[in-house]
Amino acid sequence: MGKLTIGCFSSLVGSLSLDFSVKLAEAAVKKGHTVDYWMSGNATMMSKKGQRAFKDYSALAKTVQELIATGKFQITACEACAEARGYHKEDTIEGARRFSMDWYLASAFDADRVLHIGGD
């Protein structure tokens with residue numbers, strides 16, 4: 001199996017790019033691939049503790065936690081993007097990481113495939 005690196009450059013609210021990228025990562029993990037998932041901009045908030053699911057509102061926290069538990073999914077938030085939004089290291093869900101963009105570039109360098117999703 002291969003390694004997929006996904007860079008999600010989408011906003012957290014009002015964008016289907018975030019939902020699509022997580023579903024794509026989930027499908028890749030189910031097929032046996034490993035996934036490095038990078039979030040920047042408002043998407044960094046997906047790895048913040050204390051999220052609450054609402055009835056008619058996209059909630060990805062549970063899916064992300066399940067993916068982390070597989071050991072084949074690594075989620076990393078852009079540290080600068082998170083700090084700029086008042087989201088600090090201690091606010092990060094268990095299993096998620098925060099690094100600068102050089103982590104994403106290094107992951108992309110040794111990946112079998114790289115997808116940049118979002119930018120809306």
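Which residue of β3 does V35 stand opposite? In this predicted model, the residue facing V35 is F73. That pairing is a handy way into the fold, so here is the wider picture before a return to the strands.

Start with the overall layout. The protein is built from 4 helices and 5 strands. Read from the N terminus, these elements follow the order β-α-β-α-β-α-β-α-β. The radius of gyration comes out at 13 Å, close to the 14 Å that the globule rule gives for 120 residues, so the protein is as compact as a globular protein of that length. Put into a box along its principal axes, the set of C-alpha atoms takes up roughly 35 × 30 × 30 Å. Of the 120 residues, 44% count as buried. The protein exposes about 6,800 Å² of surface, and 56% of that comes from carbon and sulfur atoms. As for who touches whom, take the contacts between residues at least 6 apart in sequence: 74% of them join residues at least 24 apart.

Now for the strands. Strand β2, made up of residues 34-39, pairs with two others. With β1 (residues 3-9), β2 runs in the parallel sense over 6 bridges, and one spot where they meet is C8, whose bridge partner in β2 is M39. With β3, β2 again pairs in the parallel sense, this time over 5 bridges. The V35 and F73 match from the opening belongs here. Burial fits into this picture too: 5 of the 6 residues of β2 are buried, so β2 is largely enclosed by the rest of the structure. Strand β3 can be described in a similar way, because 5 of its 6 residues are buried and the rest of the structure largely encloses it.

One residue of β2 deserves a closer look, namely D36. Is D36 buried or exposed? The cut-off for buried is under 20% relative accessible area, and D36 sits at 9% relative accessibility, so it counts as buried. Beyond its neighbours within four places in sequence, D36 is in contact with K3, L4, T5, I6, Q74, W103 and S107. With one of these, Q74, there is also a polar contact: the two side chains are joined at 2.7 Å. A further distance helps place D36 in the fold, since 11 Å separates its C-alpha atom from that of A96, a residue 60 positions away along the chain.

Finally, helix α2, which spans residues 61-69, has its own inside and outside. Buried in this helix are T63, V64, L67 and I68. Looking down the axis of α2, the buried residues fall within an arc of 135°, so they line one face of the helix. What do the buried residues of α2 pack against? Their partners are α1 (16-30) and β3 (73-78), so here the helix meets one of the strands described above. The face turned away from the buried side carries K62 and A69, both exposed. Just after α2, the chain reaches G71, which takes a positive phi of about 80°.

Key: Residues are numbered from 1 along each chain as its sequence is written. This is a predicted model: local features need pLDDT of at least 70, side-chain atom pairs count only at pLDDT 80 or more; totals for chains, interfaces and linings use all residues. Side-chain values use heavy atoms; hydrogens and water are left out. Buried means under 20% relative accessible area, exposed over 50%, partly exposed in between (1.4 Å probe, protein chains only). Contact means heavy atoms within 4.5 Å. A polar contact is a pair of N or O atoms within 3.5 Å; within protein, one must be able to donate a hydrogen and the other to accept it, and residues adjacent in sequence count only if both atoms are side-chain atoms. The arc is that of the directions from the helix axis to the C-beta atoms. The radius of gyration is taken over C-alpha atoms; the globule rule is 2.2 Å times the number of residues to the power 0.38. Accessible areas come from the Shrake-Rupley method with a 1.4 Å probe; for residues, only the protein chains shown count as cover. Two strands pair if DSSP finds at least two bridges between them.
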